[in-house]
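Visitor: Please take one part of this chain and go through it closely, setting out the cut-offs behind each term as you reach it. I would like a connected account rather than a list.

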Amino acid sequence: MNIRLGSGSIPEVVGAHFGCTVYLLTFTLGHMYQSLMHTLAKRFIVSFLLLSGWLSLGQAAERPNILFAIADDWSFGHAGAYDCDWVRTPAFDRVAGEGILFHRAYTPNAKCAPSRAIILTGRNSWQLDQAGNHMTFFPAKFGSWMELLKANGYSTGYTGKGWGPGFANDASRKPRKVTGQAWQKQKAKPPARAISNNDYAGNFAEFLVGANSVEGRPWAFWYGASEPHRGYESGVGRRMGKKLSDIDRVPKYWPDNEVIRNDMLDYSIEVEHFDNHLGKILAALEAAGQLDNTLIVATSDHGMPFPRVKGQAYEASNHIPLAIRWPGGINGSGRVVADYVSFADIAPTFLEAAGVAKLAPIMQPLSGRSLFDIFRSPKSGQVTASRDHVLIGKERHDIGRPNNWGYPIRGIVKDNQLYLHNFKTDRWPGGNPETGYLNCDGSPTKSLILTQRREGLYHFWNLNFGKRPEEELFELNSDADCVKNLAKSKPHSELKAALKEQLFAELREQGDPRMFGKGDVFDNYPYSGKLTDNFYRRYMGGEKVRAGWVRLTDFEKEKLD
Ligand SMILES: [Ca+2]
C-alpha cells in the first residue's frame, strides 16, 4: 500500500488512479485554523475508510454532484461557442467557456433510444442487444450509471425525457429508474406552440431542495429537454425576430430556399428553449453554492430532426455539441479540445468522478474511456494522441420496411475522414417510400424534397432518400456535408481499405453480432410500439395505421423500386 501525503488539491486528487494505491488526504500547515476544524472530523473518517478499503479515491475527494443536460435532436455547431450566430446559447457557451468545449464529440448511434442507451451504459449500441434498437425493450442486465450511482449513495433524479422511447423493466417486470426518480410536476407556459410545458428548471429546483436535505450526500440529475425534437410552431423563428438571412449556410443536401431556412429558424427557437432552462439551472446551482462542485455536461443525443441528419450516419447525424464544466476536476478553463470522444465515454467519466470502480452486478463492462486524461491536461487541441477516431453505426430505428427491418450501417470517423459500410443496400435508408419514409420525421423540409421528386427533380431526393452503395467515403475537411462519395476514387483506395480494416477489427473485438454473420438478430428483436408494429405489412394490407411522426403526404402512391 502506498500512502502519499499531499495538499489534497483537486488536480492531484482527480489525477490519481484507482486500484491498490490509496491516497491519504491531509492538509497543509497553510490552511486556516477554522477550515481545519471544519473538515478535520470528516477527513479523519474519510482517511479511516480509505485505509480500511471501504472507499475508493473519488469518494474521498468530495464526490462531485453530476448534472447531465441533454437536448433532443440538437446538431453540432449550432451554438454560440461554435461561432454560430443564428442559434443563441449563452448557457451552453458559459459551460464551455468555464470548462472544455469539445469539437469532435460523437454519438455512436444517431437516434434517441440507442444514443441514450450508449450514454447510460458506456457501451456501443451493437453491444447492447435489443437496446441497440429504437422503440425497444431495454434489457435488465444493462444497468445505467444512474442506477449504479444510486446504489453508491447518490440522490438521483431526472426531468423531461430520460431514456426512450421504449420500455425499461427490471427482471421482475417493474419499471426501472434508468435515469433516476422522475421530477415532472412543475409546469410553465411555453414560449411557443409545440414546446413542452415542463418547467425543467423548476423541477430541478425542487429536486435540489430534496437532494440537499441529506447533508454530505452528492446527487446526479438528468435534465432531458424534449426540444428541439419536432414538431415546431411554423414561423416561430421569424415571429421572435429572426431573419432568414441570419442563417449563414444551408447544407448542400437541402435546397437553399425560404421553406428550408424558415424550418431551420423554427428549430433554433427550440434549441434556445433548452439553453434557457440550462441557464436557469446554472443560476439555481450558483445560488445554492453548488455550481463549482458539480460536474456539468451539456450535449444533445444526435443531430437535428431533418432529412439525412437524424437517424442516419453521416457527419451531421452523429456529431454532437458537447461542453463540460467542473472547476474542481478540470485543469483550466476555456479549453477547446479536438480529441475524438464518444458517448460511450460518459459513463466511465461519471463513475470515475464518483469513485465507483465496481460495476457488477448492476452494470456490464464498459467500452468507453473516462475523459479524465483530458480533464487533467492543461492543453487545448489534441490532448491524448490515441483518441484519434470514433466508431458509429445503427440498426433498426423507426419501422416502415418489410418485416420490421432496419438499415444496418457501421462507420468510422478518423482524421477528418468518414468511412461508412452499408450492409443492406437493397433497402431504403430512410424507410420505404410507399410507407412514408418513416425513419425521417415529417417536416416542411422533408415535404419539399419529396415534392421535388414528384415534379421530376431528383437531386435532393436522391441525396436524402435514395438507395446507397455498400461503401461511402468522405473527406470532412472539404465536404462536411458528405455529398461527394470517394469510395470509388482510385487515389483513396488505400485509405478506404485501411479504415474498413480498422473498423471491422474493432467491431469484432467488441463482439458486434454483425461481424459474425448474426446481424439479423437486430431485425428480429420485438418492436415495442404496439400501435405501429409491423407497419409495412399492416399498411400495405389495407389497414388504417397511423404513424403520427410523419405527414400523410409523405406516403408515395406507388413503390419506387
Ligand atoms: Ca432525439
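Guide: A residue is called buried if 20 or more other C-beta atoms lie within 10 Å of its own, exposed if 12 or fewer do, and partly exposed in between, the C-beta atoms being placed from the backbone. Because this is a predicted model, local features are given only where pLDDT is at least 70 and side-chain atom pairs count only at pLDDT 80 or more, while totals for chains, interfaces and linings use all residues. Residues are numbered from 1 along each chain as its sequence is written.

The part I have chosen is helix H9, together with what surrounds it, but the reliability of the model comes before the detail. The chain averages a pLDDT of 91, with 89% of the residues scoring at least 70; pLDDT is the predictor's confidence in each residue, from 0 to 100. Over residues 1-60 it stays under 50, and for that stretch the model has 64 contacts beyond four places in sequence, a contact meaning that the C-beta atoms of two residues, placed from the backbone, lie within 7 Å. Where pLDDT is low, the predicted coordinates should not be read in detail.

As a setting for the helix, the chain has 17 helices and 17 strands, where helices (H or I, at least four residues) and strands (E, at least two) are DSSP runs numbered from the N terminus. Of its 561 residues, 50% are buried, and among contacts between residues at least 6 apart in sequence, 72% join residues at least 24 apart.

Helix H9 covers residues 258-287, and it packs with helix H13 (residues 444-454) at an angle of about 160°, the axes being 9 Å apart. Axes here are lines fitted to C-alpha atoms, for helices over the stretch in contact, and angles run from 0 to 180 degrees between N-to-C directions. H9 and H13 are therefore roughly antiparallel to each other, on a scale where angles under 35 degrees count as roughly parallel, over 145 as roughly antiparallel, 65 to 115 as roughly perpendicular and the rest as oblique. H9 passes H13 in a left-handed crossing, a term used if the near helix is turned anticlockwise from the far one by less than a right angle, with right-handed used if clockwise. Val259, Ile260, Asn262 and Asp263 of H9 make the contact with Pro444, Thr445 and Leu448 of H13.

A second helix, H7 (residues 200-212), has an axis that comes within 8 Å of the axis of H9 and crosses it at roughly 25°. H7 and H9 are therefore roughly parallel to each other, and H7 passes H9 in a right-handed crossing. Here Tyr200, Ala201, Phe204, Ala205 and Leu208 in H7 meet His277, Lys280, Ile281 and Ala284 in H9. An α-helix has 3.6 residues a turn, so residues three or four places apart point the same way.

Helix H4 (residues 90-97) is another neighbour to consider: its Ala91, Phe92, Arg94, Val95 and Ala96 are buried, and the buried residues of H4 pack against H9 as well as strand S4 (100-106), strand S10 (294-300) and strand S11 (319-325).

A loop residue, Ala225, also belongs in this picture. Ala225 lies between strand S9 and helix H8 (236-239), and counts as buried because 28 other C-beta atoms are within 10 Å. Beyond its neighbours within four places in sequence, Ala225 is in contact with Ala71, Asp72, Gly160, Tyr200, Phe274 and His277; Glu270, 45 residues from Ala225 in sequence, is 9.6 Å from Ala225 in space, C-alpha to C-alpha.

From that loop one can step back to strand S9 (residues 219-224), which pairs with strand S6 (residues 155-160) in the parallel sense over 6 bridges, pairing requiring that DSSP finds at least two bridges between the strands. In this pairing Tyr158 stands opposite Trp222 of S9. S6 is mostly covered, 6 of its 6 residues being buried, and S6 also pairs in the parallel sense over 2 bridges with strand S8 (residues 181-182), where Gln181 is the bridge partner of Gly157.

For a contrast with Ala225, consider Arg546, placed in the segment after helix H17 (535-540): Arg546 counts as exposed because 11 C-beta neighbours lie inside 10 Å.
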